[in-house]
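Colleague: Hey, can you walk me through this one? I'd like to go piece by piece.

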Amino acid sequence: MAGTGPFLLPVAAALAEAGARVLVAEAAPARSAPRAVPNLLRHPHKLREAAGYGLVLARHRVPMLAGWAVVGCEGDGRVERALLARSGPNWERLPGPGRTVPADAVCVSYGFVPRLELALQLGAPVLNHPDQLAVGVVTDATMGTPVRGLFVAGELAGVAGAEVAELEGELAGHSAASYLGLVDNRGPAEKQRLLRRLRHSRAFTARLLALYPLRDGWSSGLEPSTVFCRCEQVPWEAVEAAIARGATTAREVRSVTRCGMGYCQGRTCGPALQMAISSLASRPLNEVGDLHNRPVAVPVFLGRVASS
């Protein structure tokens with residue numbers, strides 16, 4: 001398991017419990033973990049959850065490497081070895097000997113990217129931030145968007161975990177019902193209690209994300225031949241060359257390199273492309289554009305999927 005953030009822990013713990021031999025490589029430096037403790041103390045149930053994962057990992061003797069990142073994989077037709085290198089404070093690849101570990105599978109997670117296509121097709125605006133990827137669409141206190149009658153919850157409002165999504169869904173459901181003229185029998189105290197729980201849970205997520213941000217130096221571990229867009233087999237050197245020649249938006253790089261034109265339509269490589277352009281072209285993330293806008297979505301019956 002490699003990447004950054006607390007999501008590595010439950011996945012590693014589940015794999016270890018299932019009998020897998022696991023190694024966890026966290027790109028963030030070791031000091032990030034102790035800094036998370038004050039945040040956990042404000043949320044006792046989260047502290048218990050984290051402690052549970054820690055006990056599982058300790059019981060299975062899972063190695064935990066802080067400040068290390070996967071920079072390559074080797075094997076004949078399938079992964080057999082993972083190549084690890086030390087990361088600096090900005091995730092730059094540090095000189096010196098790395099580590100090669102045997103591996104049957106390499107699982108990498110650097111956070112979550114919400115799928116905003118449907119909300120965007122309905123006209124909802126995206127929350128823009130100069131140094132963050134699109135985290136969700138604009139919402140008000142009722143989970144309503146600037147589009148009349150459109151209420152959202154979960155990842156459309158920003159990926160924040162199941163607890164936040166459930167609370168947002170409850171709030172959005174009541175708001176949508178009120179919009180349709182249905183009577184809300186909840187009292188003021190119950191409404192305020194829901195809002196307090198939601199603020200409390202969101203605060204935990206915000207603090208946690210601040211401890212494990214994506215750093216600009218991530219691209220220093222890429223080789224020229226590293227496949228950047230898997231669908232179209234676009235190498236990193238092609239993306240670098242396009243930006244060096246003056247392409248400064250995601251759509252310009254896509255037009256030159258075909259990065260993001262494959263089967264997934266940029267769902268996999270799109271966020272990484274935005275970050276690469278921002279870093280190499282020295283532009284804020286909210287100015288390089290994205291690949292969220294896709295052809296109009298149409299409903300598909302599950303029966304048709306099952307029979308295909």
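Modeller: Sure, we'll go through the sheets, the helices and a pocket. Keep in mind that this is a predicted model.

Colleague: Okay, what's the strand order in the open sheet of four strands?

Modeller: The order is S3-S2-S1-S7, and the pairing is parallel.

Colleague: Which strands stand at the edges?

Modeller: Those are S3 (64–66) and S7 (108–109). Each has a single partner strand, so one side of each is left without a neighbour in the sheet.

Colleague: How many bridges do S2 and S3 pair over?

Modeller: Three bridges, in the parallel sense, with S2 covering residues 24–26. If you want a spot to click on, Glu 26 stands opposite Ala 66 in S3.

Colleague: And what does H1 lie across?

Modeller: H1 lies across S1 (2–3), S2, S3 and S7. Its direction is at about 170 degrees to that of S2.

Colleague: New topic: S4 and S5. In which sense do they pair, parallel or antiparallel?

Modeller: Antiparallel, over six bridges, and S4 is residues 68–74. One pair to look for is Glu 74 with its bridge partner in S5, Arg 81.

Colleague: What's in the hairpin between those strands?

Modeller: There are six residues between S4 and S5, and Gly 77 in that hairpin takes a positive phi near 85 degrees.

Colleague: What about S5 and S6, how many bridges there?

Modeller: Four, again with antiparallel pairing. Leu 84 has Arg 99 in S6 as its bridge partner.

Colleague: Where do side chains point in a regular strand?

Modeller: As a general rule, they alternate between the two faces of the sheet.

Colleague: Switching to H4, how far does that helix reach?

Modeller: H4 spans residues 44–59, which is 16 residues, and reaches 22 Å from its first C-alpha to its last. That is close to the 22 Å expected at 1.5 Å a residue. Just after H4, Arg 61 takes a positive phi of about 55 degrees.

Colleague: Last thing, how much space lies in the second largest pocket?

Modeller: About 630 Å³. It has 23 lining residues, and the closest to the pocket's centre are Arg 21, Val 22, Leu 23, Pro 102 and Ala 103.

Colleague: Which elements give two or more residues to that lining?

Modeller: Helix H1 (8–17), strand S5 (81–86) and strand S6 (99–102) do.

Colleague: And how does the lining divide into nonpolar, polar and charged?

Modeller: You get 19 nonpolar residues, one polar and three charged.

Terms used
Residues are numbered from 1 along each chain as its sequence is written. This is a predicted model: local features need pLDDT of at least 70, side-chain atom pairs count only at pLDDT 80 or more; totals for chains, interfaces and linings use all residues. Side-chain values use heavy atoms; hydrogens and water are left out. On a 1 Å grid over the protein atoms alone, a cavity is a set of points where a 1.4 Å probe fits but cannot get out, and a pocket is an open set with protein on both sides within 12 Å along at least five of seven lines; lining residues have an atom within 4 Å of a point. Grid points are joined across faces, edges and corners, and a volume is the space filled by probe spheres set on the points. Ala, Val, Leu, Ile, Met, Phe, Trp, Tyr, Cys and Pro count as nonpolar, Asp, Glu, Lys and Arg as charged, and the others, Gly among them, as polar. The expected span of a helix is 1.5 Å times one less than its number of residues. Two strands pair if DSSP finds at least two bridges between them. Contact means heavy atoms within 4.5 Å. Axes are lines fitted to C-alpha atoms, for helices over the stretch in contact, and angles run from 0 to 180 degrees between N-to-C directions.
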